[in-house]
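Work through the exercises below with the sequence and the 3D structure open. Try each task before reading its solution.

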Amino acid sequence: MVIGNKLRYLLLLILAAATAYLAWYFFRPIDNETAIRKVLSSVVSNITKVPADGTTNNIAKSHTLPHYFTDSCHVSIGLYIESVYFTQEAITNNSMLIRTIFKFIQPSISNVIITIDADGGKATADFSASVKAGLNNGEQVKGEADLICKLIRANDQWQISSIDIRDVLEK
C-alpha cells in the first residue's frame with residue numbers, strides 16, 4: 001500500500017510538471033523579432049495554394065489573410081508603377097480572385113532582416129521573395145522580388161502597414 005501511495009504522488013507530480021510546462025510553452029511571451037517572423041510565415045502560409053485546396057479552404061485563407069495587415073496597407077511596386085492602398089476588404093477580395101485564377105501558388109521568403117525601432121512599436125522587414133505558380137490553363141509562372149515591409153504593433157499584434165516590392169538586381 002505504501003508503494004501505491006508513492007507511485008500515485010509521483011504520477012501527480014509528473015502530471016503537475018507537464019501541465020506547468022505546457023502552460024509556459026503556450027502562454028510564454030515571445031520577442032518582437034520572433035513575432036514578426038511568425039507574421040511573415042503566416043502570410044506565406046495563407047498565400048500558398050495547392051491543387052487540392054477546395055472552395056472552403058480558399059475562403060478561409062482569404063478571410064484570414066487581412067488580419068496580418070493594417071486596414072489601409074500601402075503597396076508600391078518598383079519605381080514606375082503607381083502605388084495603391086488596400087483595405088482589409090480589398091485584400092480579401094483580391095486574394096479570392098487570385099486563388100480562382102491559379103491552380104497552385106508556392107511562395108517562399110529568404111534572407112529576412114528585421115529592424116525594430118527603439119520604442120518597439122514599428123519595424124522593418126527586408127527580404128527576398130519568390131513564387132512559383134500554375135494558372136488553371138496549365139501555364140507556369142515564376143518570379144522573384146526584394147520586399148521591404150513596414151510593420152506596426154497594435155493591440156500586442158504586429159501588422160504589415162506598407163509593402164515596397166522591388167525588382168531583384170541582375171547579378
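The exercises cover confidence, cysteines, strands and the largest pocket.

This is a predicted model, in which local features need pLDDT of at least 70 and side-chain atom pairs count only at pLDDT 80 or more, while totals for chains, interfaces and linings use all residues. Residues are numbered from 1 along each chain as its sequence is written, and side-chain values use heavy atoms, with hydrogens and water left out.

**Exercise 1. Find which element of the chain has the lowest mean pLDDT and which the highest.**

Solution. Step one: recall that pLDDT is the predictor's confidence in each residue, from 0 to 100. Step two: take the chain, whose mean is 88, with 94% of its residues at 70 or more. Step three: go through the elements, which are DSSP runs numbered from the N terminus (helices: H or I, at least four residues; strands: E, at least two). Helix H1 (residues 2–27) has the lowest mean, 76, and strand E4 (residues 122–135) the highest, 95. Where pLDDT is low, the predicted coordinates should not be read in detail.

**Exercise 2. Explain why Cys73 is not bonded to Cys149.**

Solution. Step one: a disulfide is a pair of cysteine sulfur atoms within 2.5 Å. Step two: the cysteine sulfur closest to that of Cys73 belongs to Cys149 and is 7.7 Å away, so the two are too far apart for a bond. Step three: a search of the whole structure gives zero disulfides.

Now check accessibility, where buried means under 20% relative accessible area, exposed over 50% and partly exposed in between (1.4 Å probe, protein chains only). Cys73 is buried at 1%, and Cys149 is buried at 2%.

**Exercise 3. Describe how E5 pairs with E4 and with E6.**

Solution. Step one: two strands pair if DSSP finds at least two bridges between them. Step two: E4 and E5 run antiparallel and are joined by 13 bridges; Asp126, for one, has Ile148 in E5 as its bridge partner. Four residues separate these strands in a hairpin, and Gly138 in the turn has a positive phi of about 100°. Step three: E5 and E6 are also antiparallel, over ten bridges, with Ile152 opposite Gln159 in E6. Their hairpin has two residues between the strands, and Asn155 in the turn has a positive phi of about 55°.

**Exercise 4. State which element gives the largest share of the lining of the largest pocket.**

Solution. H4 does, with seven residues.
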